[in-house]
Amino acid sequence: MFIPLRDENPSGKFGFVNVALILANIFVFFYEITLPPHALKVFEMANAMVPARIPDSLTGHGSLELALLPLVTSMFLHAGLAHIVGNMLFLWIFGDNVEAAFGHLWYLLFYFVCGVGAGLVHIAFNLGSHIPALGASGAISGVLGAYIVLEPQNRILCLIFIFVVRVPAAIVLGVWFILQFLSGIGSLGTSVNGGVAVWAHIGGVLLGLFIALTAKRR
């Protein structure tokens, strides 16, 4: 187990968009926890991503618009305190460097493209599932993929068990991706159990890698 604490080469620029995304997620989370249990369930079911709604809508059993809109809205929902703290920690550490490299508006577009793309990958591997998926981790995985391309030699201060060590970003994020990939492979052929949407993480990272490599070549 490792927990990234900070990177040792901050961008030097204020990540306006990154901070705004973090604040938006926190605002929605605080709204969620103010809702009574039944209202919270209704709110999450309306805005979380439910893979089975896509094929259902194509066969006339629902609106395609309402099935696709949660690809965006689900990115601002979280299932609990640990969920949002973990996601926002990763976004805070890695997002500012990617924003500095892409520019504010392009970073915002990049974030949403990765989030929606990651959601579509999750749907593709769980097409018949009625279990709602939520969280910003798909989009944040895209940010991590871009960070590997843009700042592979940056050292990340990590808490590993009880030790604080400096590890190159490529190793930290590479190990994380390998674990996600192995988990995704292990889930093939099994029923969805409502756990971590690993294929959204994998799709987000690959999309982030592709976009960052394309941008870097230009």
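Leaving aside neighbours within four places in sequence, which residues is His83 in contact with? The first legend answers this for the predicted model.

**View 1. His83 and its contacts in helix 6.** His83 sits in helix 6, which covers residues 81-102. Neighbours within four places in sequence are set aside; His83 is then in contact with His78, Leu134 and Gly135. Gly135 is 52 residues from His83 in sequence. In space, their C-alpha atoms are 7.8 Å apart. His83 is partly exposed, because its relative accessible area is 24% and the buried class needs a value under 20%.

**View 2. Ser74 in the loop between helix 5 and helix 6.** Helix 5 spans 70-73, and Ser74 lies in the loop between it and helix 6. Ser74 is buried, at a relative accessible area of 4%. Its contacts, without neighbours within four places in sequence, fall into two stretches of numbering. One holds Asn47, Ala48 and Met49. The other holds Ala133, Leu134 and Gly135. Leu134 and Gly135 are also in contact with His83.

**View 3. Met45 in helix 2.** Met45 belongs to helix 2. Its relative accessibility is 31%, so Met45 counts as partly exposed. Residues up to four places away are not counted here; Met45 then touches Val50, Arg53 and Pro132. Gly174 gives a second reference point: it is 129 residues from Met45 in sequence. The C-alpha atoms of Met45 and Gly174 are 33 Å apart in space.

**View 4. The aromatic pair of Tyr31 and Phe43.** The model counts 10 aromatic pairs. In one of them, Tyr31 and Phe43 have ring centres 5.3 Å apart. Their planes stand at 75 degrees, so the pair is edge-to-face; the class needs an angle over 60 degrees. Tyr31 lies in helix 1 (residues 16-34) and Phe43 in helix 2 (residues 37-47), so the pair ties together parts that are 12 residues apart in sequence. Tyr31 is partly exposed, with a relative accessible area of 40%.

**View 5. The aromatic pair of Phe125 and Trp199.** This pair is stacked. The rings are 4.0 Å apart, centre to centre, with 0 degrees between the planes. Distant parts of the chain are linked here: Phe125 is in helix 7 (residues 104-125), and Trp199 is in helix 10 (residues 198-217). The two residues are 74 residues apart. Phe125 is partly exposed, with a relative accessible area of 40%. Trp199 is buried, with a relative accessible area of 10%.

**View 6. An aromatic cluster.** Phe76, Tyr111 and Phe112 together form one aromatic cluster.

**View 7. Helix 8 and its cover.** Helix 8 runs over residues 137-150 and has 14 residues. At 1.5 Å a residue, helix 8 should span 20 Å. Its end C-alpha atoms are 19 Å apart, which agrees. Helix 8 is mostly covered, with 12 of its 14 residues buried. Among the buried residues are Ser137, Gly138, Ala139 and Ile140. Leu144, Tyr147 and Val149 are also buried.

**View 8. Cys158 in strand 2.** Strand 2 comprises residues 155-160 and includes Cys158. Relative accessibility is 1%, so Cys158 counts as buried. Beyond residues up to four places away in sequence, Cys158 touches Phe2, Ile3, Pro4 and Leu5. Cys158 also touches Phe163, Val164, Val165 and Val172. Val175 is 17 residues along the chain from Cys158, and 13 Å separates their C-alpha atoms.

**View 9. A nonpolar surface patch.** Ile3, Leu5 and Val164 form this patch. Together they have about 230 Å² of accessible area. Leu5 is placed in strand 1 (residues 2-7). At 39% relative accessibility, Leu5 counts as partly exposed. Ile3, Leu5 and Val164 are each touched by Cys158.

**View 10. The salt bridge of Arg166 and Glu8.** The structure holds one salt bridge. The side chains of Arg166 and Glu8 meet in it, at 2.4 Å from N to O. Arg166 is in strand 3 (residues 163-168), and Glu8 is in the loop between strand 1 and helix 1. The pair links distant parts of the chain, 158 residues apart. Side chains of opposite charge can pair when their charged atoms come close. Glu8 counts as partly exposed, at 33% relative accessibility.

Key:
Residues are numbered from 1 along each chain as its sequence is written. This is a predicted model: local features need pLDDT of at least 70, side-chain atom pairs count only at pLDDT 80 or more; totals for chains, interfaces and linings use all residues. Side-chain values use heavy atoms; hydrogens and water are left out. Helices (H or I, at least four residues) and strands (E, at least two) are DSSP runs, numbered from the N terminus. The expected span of a helix is 1.5 Å times one less than its number of residues. Buried means under 20% relative accessible area, exposed over 50%, partly exposed in between (1.4 Å probe, protein chains only). Patches are made of residues with over 30% relative accessible area and no salt bridge: like charges are joined within 9 Å, nonpolar side chains (Val, Leu, Ile, Met, Phe, Trp, Tyr) within 5 Å. Accessible areas come from the Shrake-Rupley method with a 1.4 Å probe; for residues, only the protein chains shown count as cover. A salt bridge is a side-chain nitrogen of Lys or Arg within 4 Å of a carboxyl oxygen of Asp or Glu. Rings of Phe, Tyr and Trp (its six-membered ring) pair if their centres lie within 6.5 Å; planes under 30 degrees apart count as stacked, over 60 as edge-to-face and the rest as tilted. Contact means heavy atoms within 4.5 Å.
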